[in-house]
Amino acid sequence: MKIKLIFIIMSALFYTFPCTVNAQVEFEQVNFIGGAYNIYINDSDCQVLTDCKKVKAEIVDKGKKKKYSVFGETITTGFGHNLRGYNFYRGKYKYEIYRPEKRLNNQSDLSKWVLTIYKKNGREGFNKIFSEEGEMNI
């Protein structure tokens, strides 16, 4: 009887372990793929994707062939903390990834997200300097 109980417990641990590992791997594979920039979100101080105050990412500028490590946070709305995007900061620059409410051509394609880059203007504000659509893998 004890052997059956041990076997059941071990089986349960064996089958649930890959689920917890995959949940973490999925978070580590969150990325934005655009024409000019790729952003790989690879580290966080949180357990839940939509409640992150400190998120680390790698920004790849394809044109300049440079990589930047940045920190940021999630953008959430509502009581359910619905994920709307991310803000990342690098010096005078702010990188915002978000899912628009509606597309420019009024079509809904939830896989298309927008990356907008802003530069600090010295008056506690930001000026938009670049924007592109891309694929977001979550």
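Over which residues does pLDDT stay under 50? In this predicted model, the stretch concerned is residues 13-27, for which five contacts beyond four places in sequence are present. Helix α1, which covers residues 2-28, has the lowest confidence in the protein chain, with a mean of 47. Where pLDDT is low, the predicted coordinates should not be read in detail. At the other end of the scale stands strand β6, where confidence is highest, at 95. For the protein chain as a whole, the mean pLDDT is 77, and 64% of the residues reach 70 or more.

The overall architecture may be described next. The protein chain contains one helix and eight strands, and the order of these elements from the N terminus is α-β-β-β-β-β-β-β-β. Of its 138 residues, 29% count as buried. The chain exposes about 9700 Å², of which carbon and sulfur atoms supply 56%. Among contacts with a separation of 6 or more, 32% are accounted for by residues 24 or more positions apart.

Strand β6 (residues 93-98) is paired with two other strands, β5 and β7. Strand β5, comprising residues 82-90, runs antiparallel to β6 and is joined to it by six bridges. These two strands form a hairpin with two residues between them. Within the turn, Gly91 has a positive phi of about 60 degrees. Strand β7, comprising residues 112-120, also runs antiparallel to β6, and six bridges join this pair.

A single residue of β6, Ile97, illustrates how the three strands are connected. Ile97 is the bridge partner of Tyr86, and in β7 the bridge partner of Ile97 is Leu115. The residue that follows Tyr86 in the sequence, Asn87, is likewise placed in strand β5. In a regular strand the side chains alternate between the two faces of the sheet.

The surroundings of Asn87 were examined in further detail. Asn87 counts as buried because its relative accessibility is 9%, which lies under the 20% limit for that class. Beyond its neighbours within four places in sequence, Asn87 is in contact with Lys94, Tyr95 and Glu96, among others. These three residues fall within the range of β6, the strand joined to β5 by six bridges. The contacts of Asn87 also include Phe71, Gly72, Glu73 and Ile75. Asn87 therefore combines a position in strand β5 with a relative accessibility that places it in the buried class.

Conventions
Residues numbered from 1 in each chain as written. Predicted model: local features only at pLDDT ≥ 70, side-chain atom pairs only at ≥ 80, totals over all residues. Heavy atoms only, no water. Pairing = 2+ DSSP bridges. Helix = DSSP H or I, 4+ residues; strand = E, 2+ residues; numbered from the N terminus. Buried < 20%, exposed > 50% of the residue type's maximum accessible area, 1.4 Å probe, protein only. Contact = heavy atoms within 4.5 Å. pLDDT = per-residue confidence, 0-100. Areas by Shrake-Rupley, 256 points an atom, 1.4 Å probe, with all protein chains shown as cover.
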